[in-house]
Amino acid sequence: MTDKQSSRKTLSRRGFLKLVVGAGVISVGGYVLFEYAPWLNYDQQVNSTQRSLEKSSTVSIQMRELVRYATLAANGHNTQPWKFALQENAIEIHPDYARGLAVVDPSDRELWISLGCALENLLVAARAVGYASEVIYPDAADFIRIRLTADTPQGSPLFDAIPLRQNTRSDYDGQLVKSADLDQVQALPLEPGIALHFVTNPANLETVVEYLNQANLSQYADKVFLDELIHWLRFTKKEALASLDGLFTRCTGNPEVPRWLGQLFVAGTQPQQLADADARKLRSSPGAVVVTSQSEDKTAWVRTGQVYERLALQLTALNIKSAFLNQPIEVADVRRQFQSALGLGNALPQLLLRFGYADPMPRSLRRPIEQVLV
Ligand SMILES: Cc1cc2nc3c(=O)[nH]c(=O)nc-3n(C[C@H](O)[C@H](O)[C@H](O)COP(=O)(O)O)c2cc1C
């Protein structure tokens, strides 16, 4: 081989290497672009569903706006398990059982609580735009019906709080809630059969931590529970924007990662490690609330959802954040022990949330009303 030939060969080997590196960079870059889709605008999508209510003179626009505000309510795993039927002077809220959570919520208890949350937003918004409401609860029928009649508009701090309320899952700053604010929250009007049990004493909060830990260990060790959770997790902005539902990792304070990595993390982390993170969050909060009901039926669940949403709106109006930690109520055995350890008597624990001060977190998405109208 002449010198000239060998130098050509070296050059072509270098060229080949460059080609391989170049192709690698392009495919990794392409994968990152594909996975994270920076051109998709998450905030713009949030604003399109969570903008302030448009007070229109057209009844049909008003009704659609009431539905949009209803969809901003809290709901389990952000499944948005609802459908709305618009009628003359009435709106119906129907369950969307296809969006039920068979593992964590086998009796659709949390599904009906979610419908109650949506109902409360709708009633507060209806009052603000000038409707008096009459609610027919799902005792006989399998839906909620709200009859609307024209009335004087009555805005309220709770109405203003609807697009701002969120489940803020970060660590809180540990500061005690101002006592005048706590008094105002504790004076909130309730629904028949529903009560709020406030836990602010550190020793009692430790009791809550104990049952939270027990329930977390049980849930995180259960593969079927994890599979359902992973199904509703949205690991990237692109995934969240594709479905407009589910739990986007950024809203839980976690980074965006490819699905395979996120799944590995959720299923591969020690249950105790995940439970410890929740215990830390509860300990960073100056208080917790248990929402209880006297009975276990659809109407009680809907009224539970109403009271939770009212409470969360009131907290939001006072710039107090809150987040659910329902695990001790979701695990049947733990629920009974939790009820007796907190001295709730016959009152059935339905929801557990913590509250305190923190910065807001990224907002969760909602499907547009076209997708929830029947
Ligand atoms: C009945 C019910 C149960 C919920 N359980 C939990 C829970 O155990 N842990 C949690 O972090 N969030 C829980 N959530 C909160 C939802 O995940 C949250 O409302 C939903 O993702 C929408 O987000 P947003 O409330 O910030 O708008 C629950 C909500 C409802 C209504």
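This text goes through the nonpolar cores of a predicted model and then the surroundings of its ligand.

Begin with the largest nonpolar core, which has 67 residues. Within this core, the residues that touch the most other members are Leu66, Leu115, Ala118, Leu122 and Ala125. The element that gives the most to the core is helix 4, spanning residues 109-129, with 14 residues. The core is also shared across domains: at least three of its residues come from domain 2 (44-166), and at least three from domain 3 (179-356).

Ala125 can serve as an example from this core. Setting aside neighbours within four places in sequence, Ala125 has contacts with Leu53, Leu66, Tyr69, Phe159 and Ile162. One of these partners, Leu66, is itself listed with Ala125 among the residues touching the most other core members. A second core, separate from the largest one, has 7 residues. Among them are Ala240, Phe248, Cys251 and Leu365.

Now turn to the ligand. It is surrounded by 18 residues, and the closest of these are Ala74, Asn78, Asn167, Phe324 and Asn326. Two elements give two or more residues to this shell: helix 4 and strand 9, the latter covering 321-324. Helix 4 gives the most, with 4 residues. Helix 4 therefore has the leading share in two places, since by DSSP runs numbered from the N terminus it gives the most to the largest core and also to the shell around the ligand.

By residue class, the shell consists of 6 nonpolar, 10 polar and 2 charged residues. Domain 2 (44-166) and domain 3 (179-356) each supply at least three residues to the shell, and each likewise supplies at least three to the largest core.

Technical notes
Residues are numbered from 1 along each chain as its sequence is written. This is a predicted model: local features need pLDDT of at least 70, side-chain atom pairs count only at pLDDT 80 or more; totals for chains, interfaces and linings use all residues. A nonpolar core is a set of buried Ala, Val, Leu, Ile, Met, Phe, Trp, Tyr and Cys residues joined through C-beta atoms within 7 Å. A residue is buried if 20 or more other C-beta atoms lie within 10 Å of its own, exposed if 12 or fewer, and partly exposed in between; C-beta atoms are placed from the backbone. Domain bounds come from an automatic or database domain assignment. Two residues are in contact if their C-beta atoms, placed from the backbone, lie within 7 Å. A residue is near a molecule or strand if its C-beta atom, placed from the backbone, lies within 6 Å of it. Ala, Val, Leu, Ile, Met, Phe, Trp, Tyr, Cys and Pro count as nonpolar, Asp, Glu, Lys and Arg as charged, and the others, Gly among them, as polar.
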